[in-house]
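Please open the model in your viewer and keep the selection tool at hand. We will go from stop to stop, picking residues as we go.

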Amino acid sequence: MEEKLKIKISIADRVYPLTVESNLEEGLRSASKKIENMIKLYEENYAVRDKQDVLAMCALQFASAQENQKIHSTEEYEDAILRLKKINEKIDFVLNKNI
């Protein structure tokens, strides 16, 4: 069983105390840094009045990236299956030809 750590993560000028397994700490800290960087980018480049708007845009960007990655992975998987089927057909053809 993993050791639990009490950490504090800061996002959008708010501190969130969390109790997490030690193997998750690095990922959480990295994610919070990415969110902070994205917040800064939105605030510098867009007329933003409210942190809520910035957080919503960050959430949309992260969710969109994850969905696009799933779609891309699915397309790659389907392409690989199609290529394997073609290879299998060629192998079957060669084996049946030599019988």
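Start by selecting D13, which is exposed, because its relative accessible area is 67%. This is a predicted model, so please read everything on the tour in that light. D13 sits in the loop between β1 and β2. Turn on the backbone as well: phi of D13 is near 65°, a positive value in a residue that is not glycine.

Now add A12 to the selection. A12 belongs to the loop between β1 and β2, and its phi is positive too, about 55°, although A12 is not a glycine. Is A12 buried or exposed? With 11% relative accessibility, A12 counts as buried, whereas D13, at 67%, is exposed.

**From the loop to a salt-bridge network**

Keep D13 on screen and select E43 and K51. D13, E43 and K51 are linked in a network of salt bridges. Zoom in on the pair K51 and E43, where the closest N and O atoms are 2.6 Å apart. K51 is partly exposed, since its relative accessibility is 27%. E43 is partly exposed as well, with a relative accessible area of 37%.

How many salt bridges does the structure hold? There are 5, and two more of them are worth a stop. Side chains of opposite charge can pair when their charged atoms come close.

For the next one, select R29 and E25. Their side chains meet in a salt bridge, at 2.9 Å from N to O. Why are they separated by about one helical turn? R29 and E25 are 4 residues apart in helix α1, so about one helical turn lies between them. R29 counts as partly exposed, at 32% relative accessibility, and E25 also counts as partly exposed, at 23%.

Then move to helix α2 and pick D79 and R83. This salt bridge has its closest N and O atoms 3.2 Å apart. D79 and R83 are 4 residues apart in helix α2, so they too are separated by about one helical turn. D79 is partly exposed at 39% relative accessibility, and R83 is partly exposed at 48%.

**The two sides of α1**

Select residues 25-45 to show helix α1. If you have a distance tool, try it on the end C-alpha atoms: they are 30 Å apart. That agrees with the expected span, because 21 residues at 1.5 Å a residue should cover 30 Å.

Next, colour S32, I35, M38, I39 and Y42, which are buried in α1. They cover an arc of only 125° around the axis, and therefore lie on the same side of α1. What do the buried residues of α1 pack against? Show β1 (4-11) and α2, and you have their packing partners.

Now rotate the view and give another colour to E26, K33, K34, N37 and E44. These exposed residues are carried by the face of α1 turned away from its buried side.

**A stop in β2**

Select V20, in strand β2 (residues 14-21). V20 is buried, because its relative accessible area is 9%. Add L5: V20 and L5 are 15 residues apart along the chain, yet their C-alpha atoms are separated by 5.3 Å. Which residues does V20 touch, leaving out those up to four places away in sequence? Light up E3, K4, L5, I7, E25 and L28 to see the contacts of V20. You have met E25 before, as the salt-bridge partner of R29.

**Along α2**

For the last leg, select helix α2, residues 51-97. Y77 has its place in this helix, and counts as exposed because its relative accessibility is 56%. Show Y77 together with I81, L84, I87, I91 and L95 as a surface: they make a nonpolar surface patch of about 590 Å².

Stay with I87, another residue of helix α2. I87 is partly exposed, since its relative accessible area is 46%. To finish, draw a line from I87 to Q61. They are 26 residues apart in sequence, and their C-alpha atoms are 39 Å apart in space.

Methods: Residues numbered from 1 in each chain as written. Predicted model: local features only at pLDDT ≥ 70, side-chain atom pairs only at ≥ 80, totals over all residues. Heavy atoms only, no water. Patch = residues over 30% accessible without salt bridge, like charges linked within 9 Å, V, L, I, M, F, W, Y side chains within 5 Å. Areas by Shrake-Rupley, 256 points an atom, 1.4 Å probe, with all protein chains shown as cover. Salt bridge = Lys/Arg side-chain N within 4 Å of Asp/Glu carboxyl O. Buried < 20%, exposed > 50% of the residue type's maximum accessible area, 1.4 Å probe, protein only. Expected span 1.5 Å × (residues − 1). Arc of directions from axis to C-beta. Contact = heavy atoms within 4.5 Å.
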